[in-house]
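I set aside this session to look up charged pairs, helix packing and backbone outliers, and I kept the entries short. The structure comes first, and my notes follow.

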Amino acid sequence: MRTAFINQLVQEAKTNESIFLIVGDLGYNVVEPFQQLFPDRFLNIGIDEQNMVGVASGLAQNGYNVYIYSIANFPTLRCMEQIRYDVAYHNANVKIVSVGAGYAYGSLGASHHATEEMGMLRTIPNMVVCSPSDPCEARAITTISTNYDGPMYLRLGKAGEKNVHEQDVILTIGDFCQYAESSTQNVLFVTGSIMDYAVNWVRNNHIDTAIYSVPFVKPMNQKQLLSIVRKHNHVIVLEEHQMSCGLGSALIEQVSDLYSLGEIDIMPTIRRIAIKDEFISVSGSQAYLRCKSGLVLSKNLFSDK
C-alpha cells in the first residue's frame, strides 16, 4: 500500500503544486521518487514526530496540502495533542499517513503496534479517518486526499499487500466498497489489509455472505449503511484494531442511531472480531499475531437466522 500511495501522490503532485511531503527519517526506497521530482516540497524532519505535526500545520496555514508520513504508531499515538490542537482545531490541511497499521511491524514488539490509533483519531472533530483494504483503495483515497481541504488520517499497510479488487475503485468520502453480495442475512464488514485474509477465507470455506470493505471509518455514508442493514441484519465485523473503539464500535453507534430514529425496524445483531482489551507482549509476524489475538473467522459466525 505504501508504494501505491507514494506513486499516486507523485502523479497528483505533478499537477498540484500545493502538495508537500514530510517524513520522519524513514521511507527509504519508497519516498525517493517524490523527493527527486519535488525537492522544494519535501522535508525529512528526522525522528521528531511531534515537531513534524507543528511544521505541517504551519505549512498548511501558508497554502500547502501537507502529508506527514511515518510508521503507524509514531505520527499518531505520539502526536495526539499536536494533532488535536495544531491540526484539527484549526481545520488545517494536513494529511497524517501511517504505514504499517495493526501488527505489520509485529517483529518489533508492542512499541510498533498500531492498534488503538484509529479509535483515538475518529473522536477528534474535523478528522476524516481512512483505512484502505488494498492498493486499489489506497490509490483512490490518495487522490481524494489531494482534493480535500482539511485533516485526514490515512491508515496504510506496510508493503506487499495484494489487490483484493480486480480493478481500480471509485470512491467518495464515506463510501462503503462492495466486494460481494448475497441473498442471505449475513454481511461481513472489513477494514484494512486483513481484507485479503477475509475474502480468501470466505471463498475457501464456501460461505454465503455479502462482503463490504470499509475504507472510511469516519464519516460513513449513512444512506449506503441503511441500505445494507435493511437487507442484511446479521453483521460480522473484522478489524485489526482494538475492539473498544474501532470500526465495530463505529458501526454499532451508526446502526443504533438508525434504529432509534426508526429508519430500520429490527436492530441487527453485530458480532465483532477485533483485538481484546490487552497488549500482545510477544514478537512475531503479522499473521502470527493476528492469530494470537483471535483475529480469525469461523463458520459458526455466519448464521442466516
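I began with Glu-117, which at 0% relative accessibility counts as buried, and I looked for a partner to its charge in this predicted model. The side chain of Glu-117 meets that of Arg-155 in a salt bridge, with 2.4 Å from N to O. Glu-117 belongs to helix α5 (residues 117-122) and Arg-155 to strand β6 (residues 152-156), so the pair ties together parts that are 38 residues apart in sequence. I then checked the partner, and Arg-155 is buried too, with a relative accessible area of 4%.

I counted the salt bridges next, and the structure holds 7 of them. I followed one of these from helix α5, where the side chain of Arg-122 meets that of Glu-253 at 3.0 Å, N to O. Because Arg-122 lies in helix α5 and Glu-253 in helix α9 (residues 247-260), this pair ties together parts that are 131 residues apart in sequence. The accessibilities of the two ends I noted separately: Arg-122 is buried, with a relative accessible area of 15%, whereas Glu-253 is partly exposed, with a relative accessible area of 40%.

I also looked up Arg-139, which forms a salt bridge with Asp-168, the closest N and O atoms being 3.2 Å apart. Arg-139 sits in helix α6 and Asp-168 in the loop between β6 and β7 (177-180), so here the parts tied together are 29 residues apart in sequence. Arg-139, at 25% relative accessibility, counts as partly exposed, while Asp-168, at 56%, counts as exposed.

My next entry concerns an acidic residue without such a partner. Which side chain of opposite charge is nearest to Asp-134, and how far away is it? I found that it is Arg-139, at 6.8 Å, and that Asp-134 is buried yet has no salt bridge; a salt bridge would need a side-chain nitrogen within 4 Å of a carboxyl oxygen. Asp-134 lies in the loop between β5 (128-130) and α6 (135-146). What I did find for its side chain is a polar atom that lies 3.0 Å from the backbone nitrogen of His-165. Leaving aside neighbours within four places in sequence, I listed the contacts of Asp-134 as Met-1, Lys-162, Asn-163, Val-164 and His-165.

From there I turned to the packing of α6 against helix α1 (residues 2-13), and I noted an angle of about 35° with the axes 9 Å apart. The crossing of α1 past α6 is right-handed. On the α1 side, Ala-4, Phe-5, Gln-8, Leu-9 and Glu-12 take part, and they meet Pro-135, Ala-138, Arg-139, Thr-142, Thr-143 and Thr-146 of α6. Arg-139 therefore appears twice in my notes, since Arg-139 is among the α6 residues at this packing and also lies in α6 as one end of the pair with Asp-168.

I looked up one further residue in relation to α1. Pro-33, in helix α2 (residues 32-37), has its C-alpha atom 8.0 Å from that of Asn-7, although the two are 26 residues apart along the chain. At 36% relative accessibility, Pro-33 counts as partly exposed.

I then went through the backbone for unusual values, keeping in mind that most residues other than glycine have a negative phi and that most peptide bonds are trans. Asn-91 has a positive phi of about 50°; it lies in the loop between α4 (80-88) and β4 (94-99). His-206 has a phi near 55° and is found in the loop between α7 (195-204) and β9 (210-213). Asn-91 counts as partly exposed at 36% relative accessibility, and His-206 is exposed, with a relative accessible area of 72%. The peptide bond between Lys-218 and Pro-219 is cis, with omega about -10°, and Pro-219 is found in the loop between β10 (216-218) and α8 (222-231).

My last entry is on Phe-189 in strand β8 (residues 186-190), which at 1% relative accessibility counts as buried. Not counting residues up to four places away in sequence, Phe-189 touches a list of residues including Phe-176, Tyr-212, Leu-225, Val-237 and Leu-251. I also noted Ile-211, whose C-alpha is 6.1 Å from that of Phe-189 while the two are 22 residues apart in sequence.

Terms used. Residues numbered from 1 in each chain as written. Predicted model: local features only at pLDDT ≥ 70, side-chain atom pairs only at ≥ 80, totals over all residues. Heavy atoms only, no water. Helix = DSSP H or I, 4+ residues; strand = E, 2+ residues; numbered from the N terminus. Buried < 20%, exposed > 50% of the residue type's maximum accessible area, 1.4 Å probe, protein only. Lys, Arg positive; Asp, Glu negative; His and termini not counted. Polar contact = N/O pair within 3.5 Å; in protein donor to acceptor, adjacent residues only side chain to side chain. Contact = heavy atoms within 4.5 Å. Axes fitted to C-alpha atoms, helices over the stretch in contact; angles between N-to-C directions. Left-handed = near helix turned anticlockwise from the far one by under 90°.
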